Each structure stands twice: as C-alpha cells, then as structure tokens.
Amino acid sequence: MKTYKYLFLLIGLSMVGCSDLEEDPQGLLAPESFFSSTTDIQTAVNGAYGHMIHENFWGRKLPTTLMLRSDMVAIADPAAKVERQQHDDFTVLTDNLMIDTYWPRSYQIIGAANQAIAGAELVDVADDVKNPITAQAYFVRAFMYFHLVRQFGAIPYLNAPVTDVQESKVISSTPADEVYANIIADLEFAKAWLPDTQVARSLPAKSAASSYLSLVYLTMGEWQKAYDEAKEVIDNKGIYDLELDPDYQSLFDATKIDASKEPIFVLDFNNFRDGNAGNDQLGPMSGLRGDEQYGNGGGWSIMAPALGVYTSWDAGDYRRAVSLDDTAVFDGELTSYPDFVSASKDDRNVNQPYIAKYTRFPGEFANGNGRATSYNYSMMRYAEVLLIAAEAAVELGDNASATTYINEVRARARSGGSWKNTGASAVPADITGTVTVNDVLEERRLELSFEGIRWYDIARRKLGSEVFGASGFEGAKPGFDPAQDYLLPIPADEIIRNPNLTQTPGY
C-alpha cells in the first residue's frame, strides 16, 4: 500500500494528558531539528495523549455519540442540539457537528503518533532503548484507527507525517480490511516492545496491546485469535499486575481508581483545564439538572438511560446501584425518580434514573457541574478481557472456559462494595449449563454500561433491528436503517476538500 509522507509536528498543540508525565508543550518543529533523544519521542507521544482528553474527543464528543447511538441512552432535554438528536434518532446528516468535531481531532492524534514514529528513526540509540517508547505511538495509532474503522468503515489511512499539504487533498479511502491489517501490525509491534507494566495506566503496557488485539479479532470474527490474545492476558495477570477490583464503585471514583489493578489503559483527565476544550464534560452531559447531592450544581440533563434499562436490571445487582442514580436532592429534600421533574421544577429533566458513573466521585478539583475532573476513563479493563475470552470461547464451543470467565465477572458483582455499604448479594447468580453469545452480550451490556462500548457491540453483532424495535429499551426507532446506520458518514467538508474520498454507503 502506498505510504503518504505528510506534515506538521502536532506535539505542540496540546498539554500532556497523563498524571505521571511531565507537561512539555512544544512549537511546530521540523523533525530533524527536534528529535535527538528518547525524551523527544516521549514528548511527541504525550502530544497524542493530550489530544485524547480534549473536549472534541473523549472529553465529550465521541462518548456522547457512542452512548446516544446505543439502545441504553436517549436525549433527555427536548431542546438538545440537533447534532445530538440525529444520533439518537438515526437521522445523521453528513454535516453532523459531532462528527465534524471529533473526526479532525482523531487525525490530529494520529498525526502526533506518526510524528513520534518517524522521529524515532532519527534518534541514534539502540532499538531496545527507544522501541519501548516508540511502541506507545504504535499503540495510540492503532487505538485511534480502531475507533475510526468501526465507525466509518473505509477511511483515509496515514502512516507517516504529512509533508505535502496539496498531496493530502488527493488521498483515497483505504478499505476497512486493510485498515484492520494495519491496526493488527501496529498492536503486534506494541505487544513486542511495550513493558509488562508502566508507572501509570494512562501509558499502555504489553497487556493493553494484547487486550486490544483480542478485541480487534473479536470484532473481525476471528474467534481463536481473540481467545488466544485474551487468554494470554488472563494467564499473565500477575506479571501484568491486573485483577478485578474488589469494589465496582472504585472504578468510577477519581479518588480511588489510580490504585486499582483493573484498568488496562485509561485516559486520565488529571484536572486538566484549557477553557471548555480541556474540561471533562461527561458528568454534566449525563447528570440531572439541579441535583444537590454531589455539591456541584447538578448536570445538564442532556442524556439519560431509557427507563427500561433500570427496571429490567435486577435490583440486587450492585452494578445497577453504582451505574444509576434513582434518587436526587432538590431544595434539601431527597426525591425518587418518578418525581424528578416536579421536585426540580425543571421540565428539562425526566422522571427516570440518571447515569451515576461520571457524577458521583469526580475528585476534589471538579468545578461547576462536575467538569475538570480527575477521572481516569477506562478504555480497556480486565473485566472486558474476561468477557472477550468468554464470547470467543462460546464461538469455539468451549463452554467450560466461557462459564469460568463470565462467572468471574458475575462473582465480583455479587460481592457488593462501598456504595451505601452494600453487602454481598445472590445476584447475579453464576451461569450454569450452556453459555450463549446472548448471555455474554448481556453481561457486557451491564458490566460495561455507559462506557462507550455498547454501540460497538450492537454494530459488530448487527443487533440493530432487534434492539431498536418496539420491544427495545427505547421503543421503536423507525429512523434506524440496517443497510446504512451501522456506519457513520465521512464529514461532507472532507469530501468537498478531497473528492477522492469515498462517502460511506447510504449517505
């Protein structure tokens, strides 16, 4: 495949996004005048991490899109912006402002990773010294392209810095299968060179590369490879310092997650501020307006779970209590969800439980409405690896392994935890007999709820006609078209600038 040699050093456009890394913003520099040491390679990688915590990527735009496209979350405020409504209703246009915002940010992250990879070639030290750092850039590039290819299918694939802006206007779309092959190659390089552990989970270790390889193969339907990669992580969890956190709530507590062994790769917001651009805004987006219980003024009530998500979730499952708030405080009075609108005197709220994962424990630095938090958002955690192994095992006919791994996740859920001093429960019970794919998908839906994962599961398993039908949590969604809506449109502006790009079918 043709390699396009492109442009601009992007490391100077963001501050660092990892709590254990030095902030070192740089200006726009030619690589030959900048890269002279492994520190310079790390600085370039840090630029990529910085873009990841921007409001235009994981700070708000991308996870909001993923949640609204799922069957679990809907628009709450009827006056919500049209670009958000389009994702909830499956009426997305090619000028959708959500996509228009995170598409270029995604390529900025990729550009920073490409610059680090190219710059590493100029650093004259042994491979065993520089490759463990360069491998972070390979991981980041794979991480980003994996998001993009799952959302858009065929996309422009850049594997080197841009040096010719005019040439960038004639890039063709790369078929999805080629993008996947490149993702796998990058993750294999990362797996070979990353260390077993890092000083922070915001830096990818070998376990992150293997875990993402397992998810890539699961997405591709390569069941044996998915199982083997997940099993490699599980079998080496002691070496990789991984384990299920004994308390599910700790995974969503900014004061505790740094000590948790469950996250494998996180985006660490670290109280980063750059106006609204650097704020973490998932709490406000998913929080209840006027709710006084967390002392930050409540959220904006933009999106909320469908009521059926709550009512169908067994009340004895500790994960429901951690994931959802079914009470709020207005004017000092505790209120249950059927009375949220009347008690708050705000019809932008809805009478149903709200997402609690991003509002409850944002850390001491959270400002108004719970922004600028110290949250670590788990992009991959050990529980998901267990469920990847379980799903692949089902497909391979290995019921014993599938049962072992899904029940390990369920056992942690039964153990209760710190939220409201919840004791052990009989729910969810171990699965006995034959584990099905639907069993694993349902476990993923609950265990990984509101973490930007459910939509990808719906898309890869082509569940839309089922979950967006009349019996779905949100009721019938007539706008959903299975011939089109598993993918998103490439932004219209990109097609105008570069007519060689192929628009997503149906748009």
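The following paragraphs lead through the core, the ring pairs, the salt bridges and one strand pairing of this structure. The model is a predicted one.

The nonpolar interior is a suitable place to begin. The largest nonpolar core comprises 139 residues, and W58, Y145 and I183 have the most contacts inside it. Among the elements of the chain, helix 6 gives the most to this core, contributing 14 residues. Y145 illustrates how such a residue is surrounded: leaving aside neighbours within four places in sequence, Y145 is in contact with Y107, I110, I155, P156, Y157, L158, V179 and I183. Apart from the largest core lies another, of 6 residues, which include Y248, L251, Y318 and W419.

One of the contacts of Y145 leads on to the aromatic rings. Across the whole structure, a search finds 30 aromatic pairs. Y107 and Y145 form one that is edge-to-face, with 6.4 Å from centre to centre and 75 degrees between the planes. Because Y107 lies in helix 5 (residues 97–120) and Y145 in helix 6, this pair ties together parts that are 38 residues apart in sequence. Both Y107 and Y145 are buried. Elsewhere, ring pairs link F139, F143, F146, Y180, Y212 and F265 into a cluster.

Rings are also found beneath charged side chains. R150 lies over the face of Y456, at 3.6 Å from the ring centre. In a similar arrangement, K462 lies over the face of Y486, where the distance to the ring centre is 5.1 Å.

Charged side chains also meet one another, and the structure holds 33 salt bridges. In one of them, R141 is joined to D186, with the closest N and O atoms 2.7 Å apart. R141 belongs to helix 6 (residues 127–152) and D186 to helix 7 (residues 176–193), so the pair ties together parts that are 45 residues apart in sequence. Is R141 buried or exposed? Its relative accessibility is 5%, and R141 therefore counts as buried. D186 likewise counts as buried, because its relative accessibility is 5%, where the limit for a buried residue is under 20%.

A second salt bridge joins R414 and D430, whose closest N and O atoms are 3.0 Å apart. This pair links distant parts of the chain, 16 residues apart: R414 is in helix 16 (residues 399–414), whereas D430 is in the loop between helix 16 and helix 17 (437–447). With a relative accessibility of 18%, R414 counts as buried. D430, by contrast, counts as partly exposed, because its relative accessibility is 39%.

In a further salt bridge, the side chains of E474 and K477 meet at 2.9 Å, N to O. K477 is buried, since its relative accessible area is 11%. Salt bridges can also share partners, and those that do so join E262, D317, R319, K357, R381, R410, R412, E443, E447 and E451 into one network.

The last element to consider is strand 2. Of the 6 residues of this strand (residues 263–268), 6 are buried, so strand 2 is largely enclosed by the rest of the structure. Strand 2 is joined by 5 bridges to strand 8 (residues 376–381), and the two run antiparallel. Which residue of strand 8 stands opposite V266? That position is held by S378.

How values were computed:
Residues numbered from 1 in each chain as written. Predicted model: local features only at pLDDT ≥ 70, side-chain atom pairs only at ≥ 80, totals over all residues. Heavy atoms only, no water. Salt bridge = Lys/Arg side-chain N within 4 Å of Asp/Glu carboxyl O. Helix = DSSP H or I, 4+ residues; strand = E, 2+ residues; numbered from the N terminus. Buried < 20%, exposed > 50% of the residue type's maximum accessible area, 1.4 Å probe, protein only. Phe/Tyr/Trp six-rings, centres within 6.5 Å; stacked < 30°, edge-to-face > 60°. Lys NZ or Arg CZ within 6 Å of the ring centre and 35° of its normal. Core = buried A, V, L, I, M, F, W, Y, C linked by side-chain atoms within 4.5 Å. Contact = heavy atoms within 4.5 Å. Pairing = 2+ DSSP bridges.
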